[in-house]
Amino acid sequence: MTEVLPDAQPAGTRQAETEPRYGVGERRKRFDALGRVRGTIRYTGDEANPPGTAFVGVHRSTAPHARIVAVHTEDALAIEGVLAVVTGRDLHEVLGDRIYTGPAFADQPCLAVDKTRFVGEAIAAVLATDPDIARAAADEIAVEYEELPPVYDIDDALRGEAFVHEELRPSSVFADLAHLHGVRGTNVNYEYRQILGDAAAERERAATTVSATTWAPPTHHVPIELPSTSAWVDSGRLEMLSTTQTPSYVRQTVSDLLDIPLSRVRIMTRPLGGSFGCKMYDRLEPLAAALAWTTGRRVRIDATREDAFLLTTRHGARVTGSMSADADGNIVAVTSDVRYDTGAFADVGPRIAAKSGLVAPGPYRIAAVDVRSRCIYTNKVSAGPFRGFGVPQVTWSHETLIDELARELGEDPYRFRRRHLLREGDIATVGTKMHSADFLTCIDEVTKAVGWDDPTPRGDGRWVHGKGVAVGMKAVLTPTIANATLNLNQDGSATLLISTVDMGQGSDTIMSQIVGEVLCLDSRRIHVVRADTDATPYDTITAGSRSTYHTGNAVRLVAEAMRSKLLGFAAERWGVPADELVLDAQGVVHEAKELRDSLPDLVRAKFGARGATVTTAENFTSWWVPYDHDTGLSEKVTEHWFAGAAAVRLAVDTWTGRIRTQHLAIAGDVGRAINPTLVEQQLTGAAIMGIGHTLFDEMVFDQGQITNATMLDYQLPSIKDLPEKLTPVIVESAHRDGPFGAKGVGETTILPIAPAYAGAVRDACGVRITTLPLTPERVLNHLADAADPGKAGR
Amino acid sequence: MNEITLDVNGTPHKVAVEDTTLLLDALRRRVGVTSAREGCGVGACGACTVLAEGRSVSSCLAVAVRYDGTPLTTADGLPEDDPVVSSFVDSDAMQCGYCIPGFVLMTKELLSENPSPNDEEVSDHLEGNICRCATYPEIIKAVRLAAKRSAT
């Protein structure tokens with residue numbers, strides 16, 4: 001399947017017969033593998049605390065929606081070791097409305113000021129000499145509330161009787177939200193529409209229509225590393241070390257919050273102990289910055305696991321959809337009403353509503369669509385980005401619909417999808433042309449792997465067997481900006497400065513492979529500097545599977561610039577044209593004149609010094625065409641697409657409702673695998689996370705309060721939840737502009753898991769479940785209802 | 001306050017702890033061990049695992065005074081050529097790596113009790129440890145390889 005790129009060998013380089021260089025396409029180990037195994041690499045929370053550090057405990061709201069009448073801090077202040085207690089009102093007096101931050105709407109106060117909007121919102125902060133004292137003292141704070149009518153869910157919110165925010169306050173980050181400024185009397189903070197053709201008329205004329213309302217509950221990321229932020233003031237500058245995927249964003253937020261220039265803000269990072277979207281945008285950072293700035297103390301905030309559940313979640317989403325076919329089985333219409341519960345703060349929910357709304361019809365050839373995708377405030381923990389960025393929730397809908405449509409028409413769910421899937425050069429419903437999104441190979445490979453056409457075992461009466469398949473489609477975050485700076489050291493090693501955060505995906509390793517490939521260097525001699533906004537250049541964010549493509553391209557460009565520079569040095573030295581020179585693993589060579597110089601000699605000759613550095617800097621920026629205001633269509637909505645597929649064979653225990661995964665195969669089109677080992681880990685890791693979302697993973701709320709915010713109560717996939725057989729398949733349909741053809745892969749296989757399972761359950765026992773997760777109880781209820789036709793499905 | 005000696009990877013550390021000080025806090029804040037980590041605080045994820053006389057302990061639930069003088073092993077105390085360490089490295093059994101020291105120590109314990117475990121025995125022993133990156137396929141490979149290397 002590997003497509004060989006004609007330009008895989010960049011001009012001006014030559015493959016030399018040498019030892020392995022661990023370049024592009026090689027299964028190089030992570031450079032810090034030993035440190036990760038022995039636990040000696042340092043994460044954010046491992047840094048020592050200088051004397052004078054004030055540890056922060058947070059007092060949290062016990063009311064879902066209430067005016068804050070008074071905050072009593074005397075008892076907390078009386079505790080020995082307590083240095084200060086700070087309320088939202090205290091911060092507001094100094095910082096004004098700047099304490100309301102957020103990536104889409106300026107609606108998140110780092111401490112609630114006059115009103116609280118969810119159970120668990122931060123109300124006041126205690127600074128103490130010891131973390132245990134800080135937490136104990138936070139419990140001694142007493143808050144008087146005047147309760148307001150709560151908005152617990154999407155239905156409450158859309159009834160429009162109570163409002164989580166009095167008016168909408170778009171932040172300055174996204175220009176296209178400006179028209180929402182000052183809108184009052186709504187809980188809907190954003191709506192995306194996609195209109196192609198006349199879906200209502202097509203549906204009217206259609207031969208067959210299937211409909212379903214699906215629900216995907218809120219879930220939590222639960223990276224094992226807990227969030228931690230330290231902040232301090234040094235010479236009038238705010239410096240911070242934080243667990244964040246978005247150092248460049250945090251720098252801007254802190255600059256806005258404190259009203260100081262970007263040059264006076266420094267955000268430092270360490271490797272993250274997992275994140276999956278929860279350590280980005282505004283988490284602990286605005287509070288830490290505000291406390292350090294207003295008290296002058298060095299502060300450290302460590303979230304407990306219970307705190308972490310209150311910082312962000314994945315959006316719960318309800319989708320009411322339909323899919324219609326004409327008499328020949330062509331898909332003529334899809335409608336989709338998507339409602340995202342974004343909780344108390346919009347966070348990046350408006351972007352999720354749009355970016356996933358645009359793929360809500362699915363990756364199929366469809367004549368007409370009508371999508372309405374809304375982001376809705378409720379009085380619950382705020383929802384934000386989570387691996388997949390809202391797309392798993394809409395995939396759950398469109399894959400449920402097409403599976404039912406295939407069955408309704410008496411067609412095979414695999415072949416029916418295959419017939420309609422978008423191909424290279426097709427136009428997606430959103431109006432953008434498809435390239436490097438090989439759905440056909442993905443679905444062919446996963447069905448082949450699980451033996452789709454083999455007979456399904458008949459079972460023993462108790463256990464019944466089934467097979468299911470699904471695909472998923474996602475657009476990469478566009479437009480975004482990536483920068484890279486490269487220092488070639490005189491000894492022929494190199495130091496790469498980028499602001500991509502390595503959180504386990506192995507970005508530091510693949511970026512060095514790209515540099516090594518271009519410069520014919522052993523990639524193990526290339527060091528990648530941890531994101532530090534004083535040193536590493538601006539990069540939009542490490543998220544949305546964008547880094548391999550965007551930052552990878554900046555890295556490719558900066559290495560190519562370095563190659564040109566080095567060839568220029570040799571041309572100058574030898575008095576020959578640079579285009580007669582070639583760079584190979586031994587250095588620069590002029591073959592005709594038999595001139596050769598190693599990189600160390602070349603750099604030393606240029607500068608006359610050992611240890612000198614040569615620097616290049618480059619930028620890569622992607623572009624898009626914004627959605628049409630009325631139709632939501634765009635001829636270039638994204639820089640590229642992710643295409644993934646899953647096929648599963650499973651057995652259902654009809655006595656207990658338990659599902660046993662016999663074989664799960666997943667495939668993702670990654671363009672080109674820079675490091676196949678790391679790609680396979682992303683494919684399988686996302687799939688296993690998807691198994692959790694499918695079978696048991698769920699945040700449970702009771703009157704706005706989370707009831708399972710500990711790891712005893714919140715179930716995650718363990719080694720026991722591995723499928724009996726798990727097959728990852730790398731599909732490589734090179735992207736014309738990707739670095740060596742590559743695209744990202746972190747989210748691709750989380751998209752199709754739940755619908756593949758639900759299709760297999762349907763196949764095994766005839767019940768269609770549209771509410772996640774597929775717990776034993778839910779499966780049993782459906783089986784019982786199917787046996788008793790008088791009951792509706794639950 | 002109690003004066004106790006924490007014997008960590010063969011080095012004694014005299015530390016002062018309260019009756020209620022957790023072993024994890026004593027190791028991290030007093031001894032400076034950072035390979036044992038708090039993930040959940042309730043003994044449900046295994047990131048804080050240490051070995052006490054070779055037996056696994058969730059140090060986020062254990063009281064430090066009970067381990068006065070007990071030989072403790074943390075992952076950073078294992079040498080590079082330890083068969084379990086080298087097997088995890090060679091099997092690429094890590095993504096973010098935060099939980100991996102816990103898996104390494106659980107594997108040390110397993111192989112000391114059962115030098116050639118089958119896959120079910122491996123998953124039975126490791127099911128209390130959570131790898132959120134879901135590196136489980138590689139972890140299983142690493143344990144198989146470590147059993148082979150330990151036997152030779």
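**Exercise 1. Find which residues of helix α13 of chain A are buried, and what covers them.**

Step 1. Begin with the residues themselves: in α13(A), the buried ones are A:Phe439, A:Leu440, A:Thr441, A:Cys442, A:Ile443, A:Glu445, A:Val446 and A:Thr447. Here buried means under 20% relative accessible area, exposed means over 50%, and partly exposed lies in between (1.4 Å probe, protein chains only). Helices (H or I, at least four residues) and strands (E, at least two) are DSSP runs, numbered from the N terminus.

Before going on, please note that this is a predicted model, in which local features need pLDDT of at least 70 and side-chain atom pairs count only at pLDDT 80 or more, while totals for chains, interfaces and linings use all residues. Residues are numbered from 1 along each chain as its sequence is written, chains are lettered from A and ligands numbered from 1 in the order in which they are written, and side-chain values use heavy atoms, with hydrogens and water left out.

Step 2. Put this in proportion: the helix runs over residues 439–449, and eight of its 11 residues are buried, so α13(A) is largely enclosed by the rest of the structure.

Step 3. Look for the cover. It includes α12 (413–420), β20 (463–475), β28 (641–653), β29 (659–669) and β32 (726–731) of chain A.

Step 4. Walk off the end of the helix: just after α13(A), A:Gly451 has a positive phi of about 65°.

**Exercise 2. Examine helix α8 of chain A in the same spirit.**

Step 1. This helix covers residues 285–295; eight of its 11 residues are buried, so the rest of the structure largely encloses α8(A).

Step 2. Name the buried residues: A:Glu285, A:Pro286, A:Leu287, A:Ala288, A:Ala289, A:Ala290, A:Leu291 and A:Ala292.

Step 3. Just after α8(A) comes A:Gly296, with a positive phi of about 75°.

**Exercise 3. Describe chain A as a whole: how many helices and strands are there?**

Step 1. Chain A contains 19 helices and 32 strands.

Step 2. Check the compactness. For 794 residues the globule rule (2.2 Å times the number of residues to the power 0.38, with the radius of gyration taken over C-alpha atoms) gives 28 Å; the radius of gyration of chain A is 27 Å, close to that value, so the chain is as compact as a globular protein of that length.

Step 3. Add the outline and the burial. The C-alpha trace of chain A spans about 90 × 75 × 50 Å along its principal axes, and 65% of the 794 residues count as buried.

Step 4. Consider contacts (heavy atoms within 4.5 Å). Among those in chain A with a separation of 6 or more, 79% are between residues 24 or more positions apart.

**Exercise 4. Which residues have the most contacts inside the largest nonpolar core?**

Step 1. A nonpolar core is a set of buried Ala, Val, Leu, Ile, Met, Phe, Trp, Tyr and Cys residues joined through side-chain atoms within 4.5 Å.

Step 2. The largest one has 217 residues, and A:Trp641, A:Leu664, A:Tyr757, A:Leu774, B:Phe88, B:Tyr136 and B:Ile139 have the most contacts inside it.

Step 3. Helix α18 (residues 753–765) of chain A gives the largest share of this core, nine residues.

Step 4. Zoom in on A:Tyr757. Leaving out residues up to four places away in sequence, A:Tyr757 touches A:Val648, A:Leu650, A:Ile659, A:Thr661, A:Leu664, A:Ile691, A:Thr694, A:Leu695 and A:Leu774.

Step 5. Another core, of 43 residues, lies apart from this one; A:Leu486, A:Val515, A:Ala554 and A:Trp574 are among its members.

**Exercise 5. Locate the cis peptide bonds before A:Pro479 and A:Pro773.**

Step 1. A:Thr478 and A:Pro479 are joined by a cis peptide bond with omega about -5°. A:Pro479 sits in the loop between β20 and β21 (481–489) of chain A.

Step 2. A:Leu772 and A:Pro773 are likewise joined by a cis peptide bond, with omega about -5°. A:Pro773 belongs to the loop between α18 and α19 (776–787) of chain A.

**Exercise 6. Are A:Tyr22 and B:Asn9 positive or negative in phi?**

Step 1. A:Tyr22 is not a glycine, yet its phi is positive, about 60°. A:Tyr22 lies in the segment before α1 (33–38) of chain A and is partly exposed at 23% relative accessibility.

Step 2. B:Asn9 is not a glycine either, and has a positive phi of about 55°. B:Asn9 is in the loop between β1 (2–8) and β2 (11–17) of chain B, and with a relative accessible area of 29% it is partly exposed.
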